[in-house]
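Q: I am new to this structure and would like a close look at one part of it, the place where two chains meet. Could you walk me through it?

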Amino acid sequence: MTTPAAQTAPQPTESEGAQRRPSTLLSDVSIIIGGQGGDGTLTVVDLLGRYFRKRGLYVYTSRNVLSRIRGGHADASVRACRAPRASIKSKAELLLAFDQESIEIAKPELDADALVLFDSSVFKADFPNVLGFPFATLAGGQVGQPIYKNTAAYGAISVLMGFDEALTRQVIEERFKRRGAEALQKNLKALEIGRKAALENAAAIDRWSIADGEAHDLILMTGNQAAALGFVVGGGRFFAGYPITPATEIMEYLMRYFPSFHGVVRQGEDELASINMVIGAAYAGARAITSTSGPGLSLMTEGIGHAATAELGIVVVDCQRVGPSTGEPTRHEQSDLAHLAHLGHGEYPKFILSPGSVEDCFYLAADALNLAEKWRLPVILLLDQALSQNAATGPALDLDRVTVARPRHLTPEQLAHLETFKYYELTASGLSPFVPPGTPGVTSQVTGNEHDEWGHVSVNPVNRAKMMQKRMGKLVQARDDLPGPRYFGPADARVGLIGFGSTSGPILEALDWLEQEGIPAKYYQARTLFPVPEATLAPFLDSVDTAFVVEHNFTGQFARLIREEMPAYHAKLRSILKYDGFSFRAPELVEPVREAVHGTKR
Amino acid sequence: MVQSVKPTASTWCPGCGDFGVLAAAKKALVELKIPPHEAVLVGGIGCSGGIHNFLEINGLHALHGRLLAQAVAVKLANPKLTVIAAGGDGDGYAIGMGHFMHAFKKNVSILYLVMNNETYGLTKGQASPTSRVGYEGNVEQPFDAILTALSIPSGAYLARTFSGDPKTMTAVLSEAIQFNRDHRGYAFVEDLSPCVTYNDTFKEWREKVVNVEKLPGYDPTDRSAVFRLCLETMRDGKIPIGVMHRPPRVDGADANPLELKLLPDHVGPAEADIGIEANRVAYQKLLQSVA
Ligand SMILES: Cc1ncc(C[n+]2csc(CCOP(=O)(O)OP(=O)(O)O)c2C)c(N)n1
Ligand code: SF4
Ligand SMILES: [Mg+2]
């Protein structure tokens, strides 16, 4: 591709089309937008996402793909693809830069012949392949406010990428109609300014064209939003939490959703209050949830153990970020798993569920509520920054795939037939009966002290042993209730990948790359991480020569857990690890697998 | 009738001030005719917090310092329950101090009863936040919960009682619980409850307590008047007790306690019908709102 000289002002061209180059057809495109906070980078991403979806493409957007915590830099990216990709493309074709800093930061993420489109009213871009338009000046002069530069830039991109004109405009109409007629008119005007500027420059016109896709009727959501929706339909009605990135949106969505359903959301004074409020609400009989991230999780740990011993079912969402301490609040990691699996002092049961896609966040959120209430223990819904905050297209959420079951709740008739109601009754199933406080005719005692079946504090050694077995037994008895894995790739592949959470996106992309290279590989997407799903992992591991456990941490935490539970497979397990705060790009998974396969004599 | 858990015999040292609280609480619950299943006592960790085991009501034994957070949520999850949080001075004013302050702000209609013995009874007599200078090497200024509570803008019912005067205590607890049951907001009562084993102050406190209600200028609706009376009483080396704030009835949604602000129809999260069928139409609408 040729490199046009830097343009600092729109260059009128004589006859449109005369200097056109043949456009490159893209069926997988990635655009990064960078600038200062307030430049409206997210608006551009939103507009582009809407446009690509109208073209039947899968869309994946992520915020802050580049930024270190510094200054007011903000960036975001959008990927559109004919294939269902839930991962960031390894190299972007286009960077829209509102300042030079964005270019410096984005460089490693850009394709060798990527184009930088920049706002020439603000700066002069320093990059091999650039195209500048004075978006802010044009918007300030013709729309009245420079901020409309973002919509103008969208207009320019629409020309660069050969967008359909009517659809481009429709996107603006849909996005801004609710903001009132004036806002809509200004944005339409800004769109035209951007388009016109680009159309006057032959180097800008139809540089690329975008292939149509077949993915229609999809919805675009983040994992946090999907989880919040799952909590609503799963019967969650109480939430308490303390703001922390990247978990806060769950609280914010529930503040919107819960009030119509007799639900209550409280922002606690800290995580100690939040987890204990959740415990109190669960005790009262509500399905109760909190969400947090690393530092908050540490503070909640005492409460989570208390819930397990008092046998109160609660759901804790951990949206993992870079830790420990304040770490990198906006960055991606999967490093809480080891802590969660061995959580807290003493020994107690808990389940750790891990959704592998945005959609799965919805279904597993509802499942988590059922499991917590039935087994009366803490269920951790383990998310990670990328899954929590990146938006992906997926099928519409299906209410018919959600069930709300309350098998331990006694009806008044069942209760009337009992001779005794013991909150901690020892039963063969490991499950004790439940009625909430306020049920006529019965009272209960619920405690985190060791207790007998009645809930009386007890230090009797025989009782202690029985109660330990009752609680810990749930880890075995509940196995068939826990969400099973998902399998991808050819069943007869001899190379396996194991992953969880947002790594599923890049892993699935890597499977396609590997297939093209003639390396068949298959993927075990774990959805229950603890107890370690031995029953399904063992046959998977038996069927491969090597299994790569892919995770975002330094020590290979999931691989260690698997080794701990299934030492026989020690030699088959290899780790692919990344702990720089960025999520995997497909090549980072393809390379180690390729190396291992070609280096292994079989 | 189905048999459920029965109260156990108390495990307190003979003569412990907490017995007075237990007796007064029992009486108040009977006086108010509250059926056992409708009442929840959330106990702290400490000698005092064990009180939930000795009453014939529902008991929730919280973590050390976390009883208020749990109690607030019990009430918000089911506003029909009568909820009492009860624990020690260490539980409430040391490890639980954050929740202590925020409870006034939250204004949920629950009673918080602190049994203040100016020591850590259960861990065998270390200095607590209310310990006087010199007790077990304490060199820090003692904390005064009533002065603090009076200084926080809130419509809470406030009182201090003394275990040596169970009659007054019963009256105060009855009034406070009724205040909660009428959804008039938060009630905080500190009871001076001597630890006869590690800090036996019965005799001293009996001599020093002064009921502010009997002092000239007392007006339970006037915080500043009561605050001044407390300071004057303390300046004389005495300990003020009595009803410290009896807020007047205020109408209007702003005056509502949190449970009514959040749940105007009194149906809480614990009572909501969470079946899919019962909510299908609203759920479909919600899911369709995501595009
Ligand atoms: C997190 C935590 N830290 C420490 C303890 C140990 N502990 C139990 S009770 C108590 C203090 C009890 O004092 P107080 O709350 O005044 O109750 P009292 O026994 O005097 O009624 C302490 C420190 C604990 N249970 N949990
Ligand atoms: S140690 Fe003190 S507070 Fe605890 S029971 Fe004995 S007298 Fe009461
Ligand atoms: Mg004490």
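Which residue of E2(B) does Val446(A) stand opposite?

A: Happy to help, and a few ground rules come before the tour. This is a predicted model, in which local features need pLDDT of at least 70 and side-chain atom pairs count only at pLDDT 80 or more, while totals for chains, interfaces and linings use all residues. Residues are numbered from 1 along each chain as its sequence is written, chains are lettered from A and ligands numbered from 1 in the order in which they are written, and side-chain values use heavy atoms, with hydrogens and water left out.

Now to your residue: Val446(A) stands opposite Leu60(B), which belongs to E2(B). Strand E17(A) and strand E2 of chain B (residues 58-61) run parallel and are joined by 3 bridges. Two strands are said to pair if DSSP finds at least two bridges between them. The element names come from DSSP runs too, numbered from the N terminus: helices are H or I runs of at least four residues, and strands are E runs of at least two.

Let us step back to the whole interface. Chain A brings 64 residues to the contact and chain B brings 57 residues, where contact means heavy atoms within 4.5 Å. The size of an interface is often given as the accessible area lost when the parts come together. Here the area buried between chain A and chain B is about 5,000 Å², and carbon and sulfur atoms give 65% of that. Buried area is the accessible area (1.4 Å probe) that two parts lose on being put together, summed over both.

Polar and charged groups take part as well. Between chain A and chain B there are 2 salt bridges, a salt bridge being a side-chain nitrogen of Lys or Arg within 4 Å of a carboxyl oxygen of Asp or Glu. Arg280(B) and Asp400(A) meet in a salt bridge through their side chains, at 3.1 Å from N to O. Across this interface, 20 residue pairs are in polar contact, both residues being at pLDDT 80 or more. A polar contact is a pair of N or O atoms within 3.5 Å; within protein, one must be able to donate a hydrogen and the other to accept it, and residues adjacent in sequence count only if both atoms are side-chain atoms.

On the side of chain A that touches chain B, the elements giving two or more residues include helix H7 (223-233), helix H9 (271-284), helix H10 (294-310) and strand E17 (445-447) of chain A. H9(A) supplies the largest share of that side, 9 residues. By class, the side of chain A that touches chain B has 34 nonpolar, 20 polar and 10 charged residues. In this scheme Ala, Val, Leu, Ile, Met, Phe, Trp, Tyr, Cys and Pro count as nonpolar, Asp, Glu, Lys and Arg as charged, and the others, Gly among them, as polar.

The two chains also share a ligand. Ligand 1 is surrounded by residues from chains A and B, so its site is shared between chains. In all, 17 residues surround ligand 1, and the closest are Cys47(B), Ser48(B), Asp89(B), Asp91(B) and Gly121(B). A residue is near a molecule or strand if one of its heavy atoms lies within 4 Å of it. A backbone N or O atom of Cys47(B) lies 2.7 Å from an oxygen atom of ligand 1. A polar backbone atom of Gly90(B) is 2.9 Å from an oxygen atom of ligand 1, and a polar side-chain atom of Asn117(B) lies 3.0 Å from an oxygen atom of that ligand.

Cys47(B) and Asn117(B) appear again around ligand 2, along with residues including Trp12(B) and Tyr198(B). The shell around ligand 2 has 7 nonpolar, 2 polar and no charged residues.
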